[in-house]
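Colleague: I should like to go through this structure with you. Could you take my questions one topic at a time?

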Amino acid sequence: MLLVALFAAQASAQEVADPVGEAIYRRGILPSGQPITAKREPDLQISGGDAACSNCHRRSGLGELEGHIRIPPVTGAALFRPRVHDGNVGAPPNSDAAYSRRDAYSKEALARAIREGVAVDGSQLNYLMPHYSLADADMASLIGYLKGLTRFKSPGVNAGVLHLATIVTPDADPVKRRAMLDVLDHYFADTNAAALAGGLHSRSPQGAMSMPNYRWQLHIWELTGPASAWDQQLRTHLEHEPVLAVISGVGGKTWAPIHRFCEQAGLPCLFPNVDLPVVAEHDFYSLYFSRGVLLEADLIAHAITGDKRLPAAHRVVQIYRRDDIGQQAANALRGGVAGVDLVDRPLRTGNGKQQLAAALRDIGSRDVVVLWLRPQDLALLAALPSVHSRVFISGLMGGLDQSPVPAASRGVAVMVYAFDLPDHRVIQTDYPLGWFRINHIPVIDQRVQTDTWLACVLLSETLSHMSDSFVRDYLVERLEGMLDHQMLTGYYPRLSLAPNQRFASKGGYLVKFAEPSGSRLVAESEWIVP
């Protein structure tokens, strides 16, 4: 019982007592199940989710900056705190100075502000503030919820230390594990050295905003056993090692139990190294660089059904191993090519060459072959008769630039490439590669190491803009807002997030090998956002 109680206490700062107020604030839903209604100047009527308070004041209640317009915080501390001083107009939206220039609201004054758009001093609120039609009981629930939105540090922040975890699943590639941990260990050491020197600064060339001298403490949560046992292990880890967020991480065939745990615990999980992420439209705490093989499936579907320059496919044949993430990718592709004759030919454990030969036995020139296979299986194509139809290869599963596609197959093979082209990303990766050299980190998986470094940089820059308000929900919100301005994007041409977006890179290329041998890739398509 103690574990359950502690787990509940560690949930998001917004998990407060009144579910009615929470539904109104977050989703725009009344106790009756009907949507709330509101009017925005001059005569725009909005309702339901469009009218939810969290759209502007955010889940944390700490507000944000929309261009030159400051959306004020609506936490209990912000609304009901008496005037202290004249404040600072340019203060961050979550700071005391941002809301101490006016008198405290009473419940009655706050109800008037919500219904009529009139501030506590009698002036009109910004025209963006809707005027809500709420009954007295519903208004009381909403105000009670706002009073519970308090500014306090989340678990994992104490005595000048920010506690952060990374998670490793038992089926994670050991090379990727080592690659990630090498970067995390050195980045945390670098951060702590800067803190000891007098202030923590972002090590991105984009600037150096200082923040309080917090050290970073890394906790490595190594999971064991089947996926069904991970939830309890994660609960135990969080009980004994409360953390502000999960940074990076590395997984294998499934990340779903970790994703689900972080959503339930209100624990940010920032950019894990997984090729099969969880797509859940309404989840909040898990952020990924891309949709991985699910994005690849959409890119292939776009090429099969959307490229009018190519002849219509007679049949699509997908080949994958039953025990790998290619099976989920194949399912995603099936949903994206409705009306196309699609055949799955899964490989079982055993003689790969023999099974691959059987799967390719009757492929015709008008067929399309999709290979959701690892390098060791792709290498077997060299011993098989050449395929003369279009062949799509998963870049993530097949080794990207180092894919061992045999020379005889390169003329028809198209790789799905959910990253910037190698020649284009030289500048974007030059800085992390230089950092690896300075720190004597061997480059054993460049993509994993660059993604891990980028995740740390994004976290560092986000924390530097949080004004000591280390609240988990606010961390996610601030990261969403600053990602558009990120200059260094690693393997990705552009990164952006918005509310309800959990994947920072949205598209990819189709590429081909430039020559029968070698690793140089050339674009077969423009950048595609399916």
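Modeller: What follows covers a sheet, the helices on it, a hairpin, the nonpolar cores and one buried helix, and please note that this is a predicted model.

Colleague: What is the strand order of the open sheet of seven strands?

Modeller: The order is 13-12-14-15-16-17-18, and the pairing is mixed.

Colleague: Which are the edge strands?

Modeller: Strand 13, residues 342-347, and strand 18, residues 521-523, each pair on one side only. On average, neighbouring strands of this sheet are turned by 30° against each other, direction ignored.

Colleague: Do take strands 15 and 16 next. How many bridges join them, and do they run parallel or antiparallel?

Modeller: Strand 15 (residues 390-394) and strand 16 (residues 413-417) run parallel and are joined by four bridges. Within that pairing, Phe-392 stands opposite Val-414 of strand 16.

Colleague: And which strands does helix 12 touch?

Modeller: Helix 12, residues 352-359, packs on the sheet and touches strand 12 and strand 13. Its direction makes about 170° with that of strand 13.

Colleague: Where does helix 11 lie?

Modeller: Helix 11 (residues 326-336) lies across strand 12 (315-321), strand 13 and strand 14 (367-372). Relative to strand 12, helix 11 runs at about 160°.

Colleague: Changing topic: what joins strand 1 to strand 2?

Modeller: A hairpin does, through three residues. The two strands, residues 37-40 and residues 44-47, run antiparallel with four bridges between them. Thr-37 has Ser-47 in strand 2 as its bridge partner.

Colleague: On to the interior. Which residues have the most contacts inside the largest nonpolar core?

Modeller: They are Ile-319 and Trp-372, in a core of 111 residues. Leaving aside residues up to four places away in sequence, Ile-319 touches Trp-372 itself, and its other contacts include Arg-345, Leu-347, Leu-356, Ala-359 and Val-370.

Colleague: How many residues does the other core have?

Modeller: That core has 26 residues and lies apart from the largest one. Ala-119, Leu-142, Leu-146 and Leu-149 are among its members.

Colleague: Finally, which residues of helix 2 are buried?

Modeller: In helix 2, which spans residues 19-27, Gly-21, Glu-22, Ala-23, Ile-24, Tyr-25 and Arg-26 are buried.

Colleague: What do the buried residues of helix 2 pack against?

Modeller: They pack against helix 3 (54-57), helix 6 (136-148) and helix 17 (472-482).

Colleague: And what phi does Gly-28 take?

Modeller: Gly-28, just after helix 2, has a positive phi of about 70°.

Technical notes: Residues numbered from 1 in each chain as written. Predicted model: local features only at pLDDT ≥ 70, side-chain atom pairs only at ≥ 80, totals over all residues. Heavy atoms only, no water. Pairing = 2+ DSSP bridges. Axes fitted to C-alpha atoms, helices over the stretch in contact; angles between N-to-C directions. Contact = heavy atoms within 4.5 Å. Core = buried A, V, L, I, M, F, W, Y, C linked by side-chain atoms within 4.5 Å. Buried < 20%, exposed > 50% of the residue type's maximum accessible area, 1.4 Å probe, protein only.
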